[in-house]
Amino acid sequence: MAESHRHFLPAAGADWLLPFYDPFTRLLGAASALRRLIAQAELAPGHRVLDLGCGTGALALEAKRAQPGCEIVGLDPDVRALARARAKAGRAGLDIAFEQGFGDALPFADASFDRVLSSFMFHHLPAAQKPAVLRELRRVLRPGGRLHLLDFGGASHALTAQMREAGFARAEPVEQRRLWIASLVYVRAECPGSASSA
């Protein structure tokens with residue numbers, strides 16, 4: 001099956017809801033949750049950062065504003081959401097690369113990122129797909145690189161176990177908080193090894 005024709009769940013749940021996605025997440029207070037994730041990632045100038053499941057680009061834009069010296073790459077299967085992300089970055093004057101692709105077949109070289117960020121995406125994945133996505137994230141992260149994930153609260157212990165099985169070290173929940181009607185969990189995992197940029 002061609003990559004562009006693979007099934008996926010759009011960020012808003014349905015294509016027709018996409019125009020309402022950004023206003024809805026702002027109403028929920030998602031921006032503060034994203035800023036907390038970025039702070040945990042400890043981005044530094046020169047870091048190459050992947051935003052997995054970037055959707056309409058909210059996290060990628062916040063990360064670029066927080067650390068302009070980073071190279072930010074957003075990846076998402078949804079071409080409509082990517083078009084919105086590119087337009088938002090253009091209006092903000094932010095240099096961010098947005099690419100179409102899937103988490104279980106990342107179009108990037110081994111050890112090519114210092115950080116992977118992901119927000120409100122992992123719960124969309126079918127259970128059988130999650131291990132493959134985590135293995136791919138492990139592959140593209142440099143030694144000492146880190147994965148920082150934000151999602152709705154749930155069985156974070158199962159997720160950290162999957163992270164360790166995929167080759168990550170020190171996979172652990174970092175923080176839990178409430179976002180209006182939802183419970184959120186922040187999870188961090190680190191690649192074995194060390195790197196001066198990590």
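This passage describes the strand pairing, the nonpolar cores and the aromatic pairs of a predicted model.

Strand E2 (residues 71–76) is paired with two strands, each in the parallel sense, the pairing with strand E1 (residues 48–52) running over five bridges and that with strand E3 (residues 97–100) over four. In the first of these pairings, Val49 stands opposite Ile72 of E2, and the chain passes from E1 to E2 by way of helix H3 (residues 58–66) in a right-handed β-α-β crossover. In the second, Gly74 has Phe98 of E3 as its bridge partner, and the connection from E2 to E3, which runs through helix H4 (residues 79–92), is likewise a right-handed β-α-β crossover. Of the six residues of E2, five are buried, so the strand is largely enclosed by the rest of the structure.

The largest nonpolar core comprises 27 residues, and those with the most contacts inside it are Leu50, Leu137, Leu147, Met163 and Phe168. At least two residues of this core are supplied by each of E1, E2, E4, H5, E5, helix H6 (156–165) and strand E7 (182–190), with the largest share, four residues, coming from H5. When neighbours within four places in sequence are set aside, Leu50 is in contact with Val73, Leu75, Leu106, Phe108, Phe113, Arg115, Val116, Leu117 and Leu137. Another core, of 25 residues, lies apart from the largest one and includes Leu61, Ala63, Leu82 and Tyr186. In soluble globular proteins, nonpolar side chains tend to be buried together.

A search of the whole structure for aromatic pairs finds two. One is formed by Phe108 and Phe113 in an edge-to-face arrangement, with 5.0 Å from centre to centre and 85° between the planes; both Phe108 and Phe113 are buried. In the other, the ring centres of Phe120 and Phe152 are 5.1 Å apart and the planes stand at 40°, so this pair is classed as tilted. The pair of Phe120 and Phe152 links distant parts of the chain, since Phe120 belongs to the loop between strand E4 (113–119) and helix H5 (130–140), whereas Phe152 belongs to strand E5 (residues 141–152), 32 residues apart. Phe120 counts as buried because its relative accessibility is 12%, a value under the 20% limit, while Phe152, with a relative accessible area of 37%, is partly exposed.

Phe113 also takes part in an arrangement with a charged residue, in which the charged end of Arg48 sits over the ring of Phe113 at 4.3 Å from its centre. Phe113 is thus described by three findings: the edge-to-face pair with Phe108, the position of Arg48 over its ring and its contact with Leu50.

Notes: Residues are numbered from 1 along each chain as its sequence is written. This is a predicted model: local features need pLDDT of at least 70, side-chain atom pairs count only at pLDDT 80 or more; totals for chains, interfaces and linings use all residues. Side-chain values use heavy atoms; hydrogens and water are left out. Rings of Phe, Tyr and Trp (its six-membered ring) pair if their centres lie within 6.5 Å; planes under 30 degrees apart count as stacked, over 60 as edge-to-face and the rest as tilted. Buried means under 20% relative accessible area, exposed over 50%, partly exposed in between (1.4 Å probe, protein chains only). A charge sits over a ring if NZ of Lys or CZ of Arg is within 6 Å of the ring centre and within 35 degrees of the ring normal. Two strands pair if DSSP finds at least two bridges between them. A crossover is right-handed if, with the strands pointing away from the viewer, the path from the first strand over the helix to the second runs clockwise. A nonpolar core is a set of buried Ala, Val, Leu, Ile, Met, Phe, Trp, Tyr and Cys residues joined through side-chain atoms within 4.5 Å. Contact means heavy atoms within 4.5 Å.
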